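Student: I am new to this structure and would like to learn how each label attached to it is earned. Could we look at it together and set every value against its definition?

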Amino acid sequence: MPDSSRMDAEKIKKNLHPLRLGSKILVFDTLDSTNDQARRSLKEGAQEGLVLIAESQTKGRGRMGRTWVSPPQTGIYLSVILKPPIEPEHLPQLTLLAGVAVVQAVNKFTHTKAQLKWPNDILLNGKKLSGILSEYDAAPNGEKAVIIGIGVNANHSPADFPQELLPFATSLKIETGQAIDRLALAAVLLGHLDREYHAYLKDGIPAILKKWMQHSDMFGEKITVTKAGSVIHGTATKLDDNGRLLIRTANGEELALDSGEVSLGSNSPKA
Ligand code: BTN
């Protein structure tokens with residue numbers, strides 16, 4: 001069900017005190033994908049910190065070619081353009097940073113205990129609530145940019161999800177029983193993202209890694225990772241500086257994974 005908290009750039013900006021992002025916010029009724037719009041905006045010379053928000057997406061994209069369900073006026077669908085002065089191998093750090101910002105914002109705004117699942121899912125009560133799609137691009141002058149796309153299932157009802165996703169996907173409304181003011185949550189989220197990004201550029205990744213691990217229940221636990229068709233069992237130990245997941249296998253070997261699908265315990269992940 002659409003809610004009445006329509007996205008409005010000026011209202012969101014009233015609640016922000018931009019350090020690095022959010023001085024310019026563009027709201028669209030419908031986009032193919034806010035990440036695709038961000039690429040177009042970059043070509044047209046967009047500055048760091050531009051925020052693009054859509055009320056609905058016709059081609060919302062998730063990781064690994066999946067579709068991101070984006071019904072009108074129901075979720076938060078936004079992308080932010082960043083141009084951090086960092087080496088390419090450190091770009092995955094931005095995805096971790098965004099995950100920290102989302103989980104902080106959601107938990108503060110709704111008094112829930114959402115959790116991070118590596119590499120970039122936000123789960124509530126074990127089901128997926130939010131996802132992050134980071135993509136790398138360059139401005140026409142060659143300047144590197146990262147596009148952080150964030151989707152939050154806010155006011156989705158079960159009928160908004162395809163049947164096959166229902167066991168794995170949820171929304172804030174489903175979990176809390178209350179409709180969410182999407183505009184207010186978007187402003188809180190952008191505020192967290194802005195402050196974490198500002199601190200990251202000043203102090204580096206250690207604080208982000210610490211917060212990320214505090215918001216995840218997988219460390220010290222047995223996990224299963226499915227990667228390129230193979231299944232790896234082990235205990236999650238920590239994240240390294242490049243955002244890789246370190247796991248210790250039963251024979252004591254330490255592996256650093258840069259991608260994969262994680263599930264707690266020894267079952268294979270399904271979503
Ligand atoms: C995932 O978990 O698979 C990532 C989902 C990311 C969805 C967001 S919604 C806003 C932005 N635009 C997109 O097309 N995708 C991201």
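Student: In which loop is Met64 found?

Tutor: Met64 is found in the loop between strand E2 (51-57) and E3, where strands are DSSP runs of at least two residues (E) and helices of at least four (H or I), numbered from the N terminus. Before going on, note that this is a predicted model, in which local features need pLDDT of at least 70 and side-chain atom pairs count only at pLDDT 80 or more, while totals for chains, interfaces and linings use all residues. Residues are numbered from 1 along each chain as its sequence is written, and side-chain values use heavy atoms, with hydrogens and water left out.

Student: What is phi of Met64?

Tutor: Phi of Met64 is near 55 degrees, which is a positive value in a residue other than glycine.

Student: What makes the contact between Ser33 and the ligand a polar contact?

Tutor: A polar contact is a pair of N or O atoms within 3.5 Å (within protein, one must be able to donate a hydrogen and the other to accept it, and residues adjacent in sequence count only if both atoms are side-chain atoms). An N or O atom in the side chain of Ser33 is 2.8 Å from an oxygen atom of the ligand, so the pair meets the cut-off. With Thr34, a side-chain N or O atom is 3.0 Å from a nitrogen atom of the ligand, and with Arg63 a backbone N or O atom lies 2.6 Å from a ligand oxygen atom.

Student: Which residues are the closest of those that surround the ligand?

Tutor: Of the 19 residues that surround the ligand, the closest are Ser33, Gln57, Arg61, Arg63 and Lys128, and a residue counts as near if one of its heavy atoms lies within 4 Å. E6 gives the most to this shell, with 4 residues.

Student: Why is the space taken by the ligand called a pocket?

Tutor: The space taken by the ligand is the largest pocket, and the word is used because, on a 1 Å grid over the protein atoms alone, a pocket is an open set with protein on both sides within 12 Å along at least five of seven lines, whereas in a cavity a 1.4 Å probe fits but cannot get out. About 550 Å³ of space lies in the largest pocket, and of the 34 residues that line it, having an atom within 4 Å of a point, the closest to its centre are Gly62, Arg66, Thr67, Trp68 and Lys128.

Definitions and conventions:
Sits in = over half its atoms within 2 Å of the grid points. Points joined across faces, edges and corners; volume = space filled by probe spheres on them.
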